[in-house]
Amino acid sequence: MSSWPPNENNNPYIPPTQYSSSGYPPSDPYAAPQAYSAPQMYAAPAYMAQPQYVVMPGNDQGSGQALAGMILGIAGLLFSFFGLVPLLGLIFSIIGMRSVTRKGMAVAGLVMSIIGLVFAICTTVFVIGLLFASNAPTY
């Protein structure tokens, strides 16, 4: 039920005839003054365009090393008989693994550098074997 006291018909709700013609309840001279609030008008909210922010990684550690490791890994596959190129590709790819944006390049450079390094070791062993075989005395 309501906290309003019942009127003459034991109806707990105040009938609309108790209000004045303006629609407001009658003022009580002993009541505390109340602030006037204007009737609320509902309008569509104003559209404010929100700024669009582009998030770019700032100072990505190791991105240059990842790129260099991939390039040296490709070159290490082509020039694997020089053991220095795949070894440098391996070093740069390991350093480039710190990169957030170019981690895939670092992994690709790492794999190609390892394959180039294996080819370089096999080529070196084969060349050393040929040198020893050519200097061996024949009977």
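## Met-112 in helix α3

In this predicted model, Met-112 has a relative accessible area of 17% and is classed as buried, because that value falls under the 20% cut-off. The residue belongs to helix α3, and once its neighbours within four places in sequence are left aside, Met-112 is in contact with Met-70, Gly-73, Ile-74 and Leu-77. One of these partners, Met-70, lies 42 residues from Met-112 in sequence, yet the two C-alpha atoms are 7.7 Å apart in space.

## Ser-113 and Val-111

Ser-113, which is also placed in helix α3, has a relative accessibility of 0% and therefore counts as buried. Its side chain reaches the backbone oxygen of Gly-109 at a distance of 2.7 Å. When residues up to four places away in sequence are not counted, Ser-113 touches Gly-69, Gly-73, Pro-86, Gly-89, Leu-90 and Ser-93. Gly-73 thus appears among the contacts of Ser-113 and also among those of Met-112.

Val-111, another residue of helix α3, is at 44% relative accessibility and so counts as partly exposed, a class that lies between the 20% and 50% limits. Its C-alpha atom is separated by 7.7 Å from that of Gly-73, although the two residues are 38 residues apart along the chain.

## Helix α3 and its cover

Helix α3 comprises the 33 residues 103-135, for which a rise of 1.5 Å a residue predicts a span of 48 Å; the C-alpha atoms at its ends are 48 Å apart, so the expected and computed values agree.

The buried residues of α3 are Ala-106, Gly-109, Met-112, Ser-113, Gly-116 and Ala-120. What covers these residues includes α1, residues 63-78, and α2, residues 84-96. The contacts of the two buried residues described above can be read against these ranges: the listed partners of Met-112 are Met-70, Gly-73, Ile-74 and Leu-77, whereas those of Ser-113 include Gly-69 and Gly-73 as well as Pro-86, Gly-89, Leu-90 and Ser-93.

## The nonpolar patch

A nonpolar patch of about 480 Å² on the surface is made by Leu-84, Leu-87, Leu-88, Ile-91, Phe-92 and Ile-95. Leu-84, one of the residues that make this patch, is found in helix α2, and its relative accessible area of 56% classes it as exposed, because the value is over the 50% limit. Helix α2 is also included in what covers the buried residues of α3.

## The chain as a whole

The secondary structure of the chain comes to three helices and zero strands, and from the N terminus on its elements run α-α-α. Of the 139 residues of the chain, 16% count as buried, and the chain exposes about 11600 Å², of which carbon and sulfur atoms supply 68%.

Among the contacts in the chain with a sequence separation of 6 or more, 58% are accounted for by residues 24 or more positions apart. The pair Met-112 and Met-70, at 42 residues apart in sequence, is listed as being in contact.

Key
Residues are numbered from 1 along each chain as its sequence is written. This is a predicted model: local features need pLDDT of at least 70, side-chain atom pairs count only at pLDDT 80 or more; totals for chains, interfaces and linings use all residues. Side-chain values use heavy atoms; hydrogens and water are left out. Helices (H or I, at least four residues) and strands (E, at least two) are DSSP runs, numbered from the N terminus. The expected span of a helix is 1.5 Å times one less than its number of residues. Buried means under 20% relative accessible area, exposed over 50%, partly exposed in between (1.4 Å probe, protein chains only). Contact means heavy atoms within 4.5 Å. Patches are made of residues with over 30% relative accessible area and no salt bridge: like charges are joined within 9 Å, nonpolar side chains (Val, Leu, Ile, Met, Phe, Trp, Tyr) within 5 Å. Accessible areas come from the Shrake-Rupley method with a 1.4 Å probe; for residues, only the protein chains shown count as cover. A salt bridge is a side-chain nitrogen of Lys or Arg within 4 Å of a carboxyl oxygen of Asp or Glu. A polar contact is a pair of N or O atoms within 3.5 Å; within protein, one must be able to donate a hydrogen and the other to accept it, and residues adjacent in sequence count only if both atoms are side-chain atoms.
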